[in-house]
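Student: I'd like a close look at one part of this protein. Could you walk me through one of its sheets?

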Amino acid sequence: MAYVHAEIASQPDCWREAARLAPTLADRLPRPGERVAVVGCGTSWFMAAAYAGLREHAGQGETDAFQASEFPTGRRYDRLIAITRSGTTTEVLELLAALRGRIPSTVLVGDPASPAVELADAAVTMPFADERSVVQTRFATTALALLRAHLGEDLGRLAADAEVAVRAPLPIDPARIEQVTFLGRGWTVGLAQEAALKCREAATFWAEAYPAMDYRHGPISVAAPGRLVWAFGEIPEGLPEDVAATGAAFVHSRTHGCHTVLTSWAAGRTPVDPMADLILAQRFAVALATSRGLDPEAPRHLTRSVVLA
């Protein structure tokens, strides 16, 4: 299990490397005002969704995120961004080939020698963030960090928050939890979906994700003692109290008082960025696997890249 822990712990350094790389990519990444589509599969799709929310919120232009297999090929976009760690995923390669000559494309990829590099019009290669693990951690977050840097965000602060997250104690003992629901708002819905996926992949664990405002429209019915609700970023007023009434535990890095607080000791700041909170969720998923007698480096039914016949 050594390399999954090392890959998770290396994220602050990977994000700093992304910050150094971002200023060199102006001709390969979206310009303000462009209409952009971002695609991926699994974890990469969730990072695409997070970036789309951030870019639109920053006023940089319309930005849509799609699973590569579900891209609406009849729509017009100024640029396509594809996120793929291996650069060999079938759906991504097929889409890049189908759109070649129609929509300018850029691929964010871990392996510089992958076929996706040849199919895209431009490539951002990040071998420093590539991974041995089947379950993605650092490549996905580094891709999102790079895109956030391109939006003008301060990755120095973000990396400092990541340093907190790789060292902080877990907010709750995974062995005490029988189910977890992750929540987000805006761009952090993608982070919530990714956190739930990590628990399912690494630990074959019952985990769900929803927009925080929609949680009380049905999903809260599964909350109960022995279960956990974990929220990223801003939350609706009254949500902690509603969760507490069910008997479920509640984790939120922005919550004070009786709930978990993940505090940054860097410059005395609190709370940490939600993407750094995702690191804590990655560690939680690995600890879940261990508590269930599973090897998070050998997840059931999964391979490092989905290559279809």
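Student: How many bridges join strand β8 to β9, and do they run parallel or antiparallel?

Tutor: Keep in mind that this is a predicted model. Strand β8, residues 227-231, is joined to β9 by 4 bridges, and the two run parallel. For one spot to click on, take leucine 228: its bridge partner in β9 is alanine 249. As a general point, strands of a sheet pair through backbone hydrogen bonds, either parallel or antiparallel.

Now zoom out to the whole sheet. It's an open one with 4 strands, in the order β7-β6-β8-β9, and the pairing is parallel. The edges are taken by β7 (207-211) and β9 (249-252); each has a single partner strand, so one side of each has no neighbour in the sheet. If you look from strand to strand, neighbours are turned against each other by 20° on average, ignoring direction. Then there's a helix to add: α10, residues 274-291, packs on this sheet and touches β6 (179-184) as well as β8. The direction of α10 makes about 155° with that of β8.

While you have the model open, swing over to helix α4, which spans residues 90-99. Its buried residues are Thr90, Val92, Leu93, Leu95, Leu96 and Leu99. Among the elements covering them are the strands β1 (36-40), β3 (79-84) and β4 (105-109), along with α5 (115-119). Just after α4 comes glycine 101, with a positive phi of about 85°. As for annotation, an unreviewed UniProt entry lists residues 25-157 as "domain: SIS". Over that range the chain is 35% helix and 19% strand, with its end C-alpha atoms 21 Å apart.

Definitions and conventions:
Residues numbered from 1 in each chain as written. Predicted model: local features only at pLDDT ≥ 70, side-chain atom pairs only at ≥ 80, totals over all residues. Heavy atoms only, no water. Buried < 20%, exposed > 50% of the residue type's maximum accessible area, 1.4 Å probe, protein only. Contact = heavy atoms within 4.5 Å. UniProt positions renumbered as here; feature names shortened; annotations may be inferred. Pairing = 2+ DSSP bridges. Axes fitted to C-alpha atoms, helices over the stretch in contact; angles between N-to-C directions.
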